[in-house]
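Please look over the sequence and the model before reading on. The paragraphs that follow go from the whole chain to its parts.

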Amino acid sequence: MANLLLQVSSNLRTFALSASSNGSPPGAPQSGGPAILELPLDKIRRPLMRTRANDPQKVKELMDSISEIGLQVPIDVLEVDGVYYGFSGCHRYEAHQRLGLQTIRCKVRRGTKETLRHHLR
């Protein structure tokens, strides 16, 4: 949940608006949380890709949307020892592939080998 801080001057002519997703003051360093990065598609391992098929219509709709307005929601990626693993965002990932895009915006969280094993179960 985002915290919102709204400051309005006494003459009501100017205002400043800032938001923080972690409750810390605006501009405060954020450590330990996910980072938003643009990663090459070929650097993201998709270990569960063979376990299900994507809906072709959904992929097509995403391709149209990404072409028109860009990717709106990054895919979630787990980084373990410098290797990136994607377990969600399958349709967005495939849409990027089919569009011939080389990179995709990712929300990257760091994890341990134990975290990776948990995702692979």
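How much area does the chain expose, and what percentage of it do carbon and sulfur atoms supply? In this model, which is predicted rather than determined by experiment, the chain exposes about 8,700 Å², and 53% of that area is supplied by carbon and sulfur atoms. Of the 121 residues in the chain, 26% are buried, where buried means under 20% relative accessible area.

Turning to the elements themselves, the chain holds 7 strands and 3 helices, and along the sequence they follow one another in the pattern β-β-β-β-α-β-β-α-β-α. Contacts reach across this sequence: if one takes those between residues at least 6 apart, 72% of them join residues that are at least 24 apart.

The sheet can be followed strand by strand. Five strands form an open sheet in the order 3-7-5-6-4, and their pairing is mixed. Its edges are strand 3, residues 35-40, and strand 4, residues 44-45, each of which pairs on one side only. In general, strands of a sheet pair through backbone hydrogen bonds, and they may do so in a parallel or an antiparallel sense.

Beginning at one edge, strand 3 pairs with strand 7, which spans residues 103-110, in the antiparallel sense over 6 bridges, and within this pairing I36 stands opposite K107 of strand 7. At the other edge, strand 4 pairs with strand 6 in the parallel sense over 2 bridges, with Y85 in strand 6 as the bridge partner of R45.

Strand 6 also pairs with strand 5, here in the antiparallel sense and over 4 bridges, and E79 stands opposite Y84 of strand 6. These two strands, 5 and 6, form a hairpin with 2 residues between them, and D81, which lies in the turn, has a positive phi of about 50 degrees.

With the strands in place, the helices that meet them can be added. Helix 3, residues 113-120, lies across strand 5 and strand 6 (83-86), and the helix runs at about 135 degrees to strand 5. What does the other helix, helix 2, touch as it packs on the sheet? Helix 2, residues 90-99, touches strand 4, strand 5 (75-80) and strand 7, and its direction makes about 145 degrees with that of strand 7. Strand 5 is thus met by helix 2 and is also crossed by helix 3.

Key: Residues numbered from 1 in each chain as written. Predicted model: local features only at pLDDT ≥ 70, side-chain atom pairs only at ≥ 80, totals over all residues. Heavy atoms only, no water. Buried < 20%, exposed > 50% of the residue type's maximum accessible area, 1.4 Å probe, protein only. Contact = heavy atoms within 4.5 Å. Areas by Shrake-Rupley, 256 points an atom, 1.4 Å probe, with all protein chains shown as cover. Pairing = 2+ DSSP bridges. Axes fitted to C-alpha atoms, helices over the stretch in contact; angles between N-to-C directions.
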